[in-house]
Amino acid sequence: MSAVPTPRPNYLDQFDAAAPADKFPLVRRWIDTEPLQFFKELREKRPILVTPVCTLVALFDDCIEVLNMPRIFTAALYLPKMAGGIYFMAHDDDALHTREKSIMQAMLNRDDLPQVRAMVAKIAKDLLDAAGGHMDAINDYCRMVPVTLVQSYFGLTGADRKDMIHWSYCNQANTFYNQPFDLISDEKRKAIQAAQDEATKHLEKYLTELILTRWLAVKAEKAEHFLLAPWYGLRLLVRKLMGKGDGKLEDNIVTRMVRTAYPGAVDFDIKRLGVNAGGLLIGAIETTSQAVSQVVQYLLDNPQWLAKAQSAAQSSNTADFDGIVWEALRFVPISPYIFRKTASEYTIAKGTDHATTVQPGSYVLAVTQSAMFDTKAFEDPDQFIPGRNWYHYFHFGFGSHECLGRYVGMVMIPEMVRQIMQRPGLKANSRIDYQGGHLPEKYDLSWSK
Ligand code: HEM
């Protein structure tokens with residue numbers, strides 16, 4: 001069992017005694033360096049902590065309350081990172097969010113998942129085999145598996161995988177880790193923003209070409225179906241573009257999106273289609289990479305669970321193994337919180353002794369990692385207990401903004417960890433290196449061949 005150390009009893013004393021300008025930097029440091037102890041004290045003594053920068057919400061019920069009201073606790077902090085709202089993720093409970101998320105959920109048909117898991121297993125195994133017993137697990141595996149799946153299952157073909165990783169990284173770094181509660185210099189903020197602006201130019205050009213090419217290919221496929229002779233030249237051209245000779249397009253998500261006929265009243269034109277294809281790439285890579293690398297490191301740090309994971313990894317019934325992965329991710333989630341901007345005055349936890357009123361314009365952190373240690377939903381929360389109730393985890397968010405790619409992530413993350421756990425003699429030659437940021441950049445792993 002991996003027990004969490006007894007909490008230091010004085011976080012809030014230090015917080016209360018600090019000068020206003022020092023309060024949030026203290027909180028930030030505790031979130032980054034000793035989250036579990038700090039959150040435990042919050043849950044016990046001050047479940048809603050108001051700081052000069054933002055308000056932290058630490059209990060399970062209160063996180064759910066916040067995340068269930070997207071028009072009050074909004075995703076507005078995504079707006080400046082998404083050209084004022086080009087992607088549905090920056091929209092709260094409106095027509096565009098409902099429409100585009102629903103269309104994309106239908107395209108990502110859950111019936112595909114067994115096949116997706118098999119694809120992930122093959123991609124992962126091939127990369128590990130080729131590595132010959134030693135790799136930088138972040139670039140050569142944790143990012144490489146999802147970007148390969150983005151090509152083969154999502155259908156974003158025709159670009160260099162390293163470029164795709166870079167475009168995705170720049171977007172994620174600016175959206176999630178260049179926010180008011182990330183204490184970084186103005187110079188660094190500008191550099192992160194500039195990197196996203198530059199990456200977006202390349203990504204947009206790539207997406208325009210991708211959608212145009214795929215649109216032509218779909219037209220040619222249909223023309224062939226109806227034996228329209230005048231299309232013959234075009235068909236040859238498109239087959240060349242597709243790199244295939246049989247005139248049939250591979251089934252993948254982008255092809256499904258292009259093949260579908262949307263009536264005008266549905267309001268999903270080719271431009272919206274391109275934006276949503278881009279969202280598939282941006283969402284998939286760094287999230288998966290961080291979850292997989294942190295779970296692997298957690299298991300290597302905890303020999304008892306490493307042994308259980310290695311043993312479960314041999315079984316073709318993956319449920320036990322997956323339960324270990326989700327429980328590990330509770331201790332090392334990709335982010336300890338989900339952030340929101342308050343649109344109208346609201347009292348959180350009304351009727352309790354910690355009821356707190358937040359004002360329009362203020363920032364709220366739903367501290368979902370803390371919620372995953374609240375005894376309200378997690379019995380013996382400090383104990384590592386695989387197979388807990390899945391619905392209580394916040395790994396893919398909660399409420400209206402819950403992750404679009406969650407079902408893909410639910411097979412991709414554990415399968416990637418499982419493939420690593422099957423390698424005999426697995427060891428880490430370094431800690432995960434974040435290079436001063438929040439996203440894993442390097443992790444030196446080796447195993448016996
Ligand atoms: C596999 C490909 C993935 C795609 C295409 C994807 C895409 C998305 C999108 C579009 C949203 C916004 C949904 C909305 O606003 O309604 C979202 C939210 C989220 N995703 Fe994913 N995601 C992927 C993988 C992951 C993974 C692996 C994780 C974590 C392990 C993750 C964690 C989250 C979380 C926590 C949110 C909620 C953000 C919030 O509430 O503000 N995602 N994802």
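## Around the ligand

A residue counts as near a molecule if its C-beta atom, placed from the backbone, lies within 6 Å of that molecule. In this predicted model, 22 residues surround the ligand, and those that come nearest are G283, G397, C403, G405 and G409. Sorted by class, the shell around the ligand holds 12 nonpolar residues, nine polar residues and one charged residue.

Two helices, helix 13 (270-301) and helix 17 (406-421), each contribute at least two residues to this shell. Helix 13 provides the largest share, with seven residues of the shell.

## The chain as a whole

The protein chain contains 17 helices and 10 strands, and its C-alpha atoms fill a box of roughly 80 × 55 × 40 Å when the box is taken along the principal axes. A compact globule of 449 residues would have a radius of gyration near 22 Å, and the 23 Å of the protein chain therefore agrees with that expectation.

Of the 449 residues in the protein chain, 40% count as buried. Among contacts in the chain with a separation of 6 or more, 69% are accounted for by residues that are 24 or more positions apart.

## Helix 3 and what covers it

Helix 3, which spans residues 35-45, has F38, F39, K40, E41, L42 and R43 as its buried residues. The elements that cover these buried residues include helix 1 (11-17) and helix 2 (20-33), together with strand 1 (48-50), strand 2 (55-57) and helix 16 (368-371).

Definitions and conventions:
Residues numbered from 1 in each chain as written. Predicted model: local features only at pLDDT ≥ 70, side-chain atom pairs only at ≥ 80, totals over all residues. Helix = DSSP H or I, 4+ residues; strand = E, 2+ residues; numbered from the N terminus. Nonpolar A, V, L, I, M, F, W, Y, C, P; charged D, E, K, R; others polar. Buried ≥ 20, exposed ≤ 12 C-beta atoms within 10 Å, placed from the backbone. Contact = placed C-beta atoms within 7 Å. Rg over C-alpha atoms; globule rule 2.2 N^0.38 Å.
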